[in-house]
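Work through the exercises below with the structure open. Try each task before reading its solution.

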Amino acid sequence: MLIQRPAPIRSSEITPESVYLERRRFLLHATVLGAAGLVGSAHAAGNRGSASMPSSADQPNTWDEITRYNNFYEYSPDKHAVAALARNLNPRPWTISIEGEVDKPHVVDVEQLLREYRPQQRIYRLRCIEGWSMVIPWDGIPLSDILRHVQPTSRARYVKFVTLQDPARFYGQRRATLPWPYTEALTIAEAMHPLTLLATGLYGKPMPNQNGAPIRLVVPWKYGYKSIKSIVTIRLEQQQPLTTWPQVSKDYGFYANVNPRAAYGRGSQSRETRIGELRKRETLLFNGYADEVAHLYAGLDLDKAI
Ligand SMILES: Nc1nc2c(c(=O)[nH]1)N[C@H]1C(S)=C(S)[C@@H](COP(=O)(O)O)O[C@H]1N2
Ligand SMILES: [Mo]
């Protein structure tokens, strides 16, 4: 389903008053379209559970909001600079290797993957640890479908994801802003959870370069840094992999479950700014997906296991 929207309004963290007023007019105008969007979402919710069905307070962000404000350090730490720098990526052809503790390792082209698994639409909230959030209509393949196909061995306890390393296309990799290549990981239970998505597009279009073309992870109950972009390797492992952000700061943990109570050195996480909105929102435990995922963390102290 494609949610059509009128000409989007530019937004940034700080919305000038004129833009805000313009946006209010836009929101009034969009009421009819919004209703249509909800019908579509309710329909799509049939095969993905009630979790991801957005409430009327969770209108998707506009295409421009989602594609002009990005965290993608392979280009730049400047969120407004990423979109223009990412024009050179040229993400086709693109192969992904699914390897490690699996009975059937698989090197597959993204185009072939898209033919084998029909992408589904999932409207998810994305919460960055920097304190902003968006609502994004992704298209993607449940990671569990792909993992089942390669048959994890009984030793597979973690799934590691690695971004392409190519300083010729990722200019930001010429500087040591992060330890390259960007690496993330999930427990096997998190990876097999039905909400965990390998996203291949948004708003019904192929993934924009700046959002992690051609394929990126989306784990909606975790801080955005877990949702690694432009993946070339998915490797099942016995031991917990060393991932990028925990090497940089101890405030960035392995779990990274959205938690309004756990602050540590990076300041309070109790509230967030939805891009395009003026007033802050309360941050929800597990980004609002607690009913679906809390059971994964039974026995874990969420305020300590960051
Ligand atoms: N390879 C890679 N993946 C990445 C990042 C990055 O810098 N490099 N940034 C992460 C962070 S911090 C966030 S908040 C999200 C942002 O995704 P978006 O730009 O699509 O909104 O991507 C995540 N995935
Ligand atoms: Mo982030």
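**Exercise 1.** In this predicted model, find the partner with which arginine 235 forms a salt bridge, then place both residues.

*Solution.*
- Step 1. The partner is glutamate 99; the closest N and O atoms are 2.9 Å apart.
- Step 2. Arginine 235 sits in strand β10 (residues 231–237), and glutamate 99 in strand β1 (residues 95–100).
- Step 3. The pair therefore ties together parts that are 136 residues apart in sequence.
- Step 4. Check exposure. Partly exposed runs from 20% to 50% relative accessible area. Arginine 235 has 32%, so it counts as partly exposed. Glutamate 99 has 23%, so it is partly exposed as well.

**Exercise 2.** Decide whether arginine 274 is buried or exposed, and do likewise for aspartate 58.

*Solution.*
- Step 1. The side chains of arginine 274 and aspartate 58 form a salt bridge, at 2.9 Å from N to O.
- Step 2. Arginine 274 belongs to strand β11 (residues 271–274), while aspartate 58 is in the loop between α2 (31–44) and α3 (63–68). They are 216 residues apart, so this pair links distant parts of the chain.
- Step 3. Buried means under 20% relative accessible area. Arginine 274 has 4%, so it is buried.
- Step 4. Aspartate 58 has 7%, so it is buried too.

**Exercise 3.** Explain why arginine 148 and aspartate 145 are separated by about one helical turn.

*Solution.*
- Step 1. Both residues lie in helix α6 (residues 143–150).
- Step 2. They are three residues apart there, which means a separation of about one helical turn.
- Step 3. Their side chains meet in a salt bridge, 3.6 Å from N to O.
- Step 4. Arginine 148 is exposed, at 51% relative accessible area. Aspartate 145, at 30%, is partly exposed.
- Step 5. Now look at shared partners. Salt bridges join Glu99, Lys160, Arg235 and Glu237 into one network. The model's salt bridges come to 17.

**Exercise 4.** Which residues have the most contacts inside the largest nonpolar core?

*Solution.*
- Step 1. This core has 69 residues.
- Step 2. Those with the most contacts inside it are Trp138, Phe161, Leu217 and Ile234.
- Step 3. Strand β4 (residues 132–142) gives the most to the core, contributing five residues.
- Step 4. Take isoleucine 234 and set aside its neighbours within four places in sequence. Its contacts then include Ile96, Ile98, Leu143, Leu147, Val159, Phe161 and Leu198. Glu99 and Lys160 are also among them.

Notes:
Residues numbered from 1 in each chain as written. Chains lettered and ligands numbered in written order. Predicted model: local features only at pLDDT ≥ 70, side-chain atom pairs only at ≥ 80, totals over all residues. Heavy atoms only, no water. Core = buried A, V, L, I, M, F, W, Y, C linked by side-chain atoms within 4.5 Å. Buried < 20%, exposed > 50% of the residue type's maximum accessible area, 1.4 Å probe, protein only. Helix = DSSP H or I, 4+ residues; strand = E, 2+ residues; numbered from the N terminus. Contact = heavy atoms within 4.5 Å. Salt bridge = Lys/Arg side-chain N within 4 Å of Asp/Glu carboxyl O.
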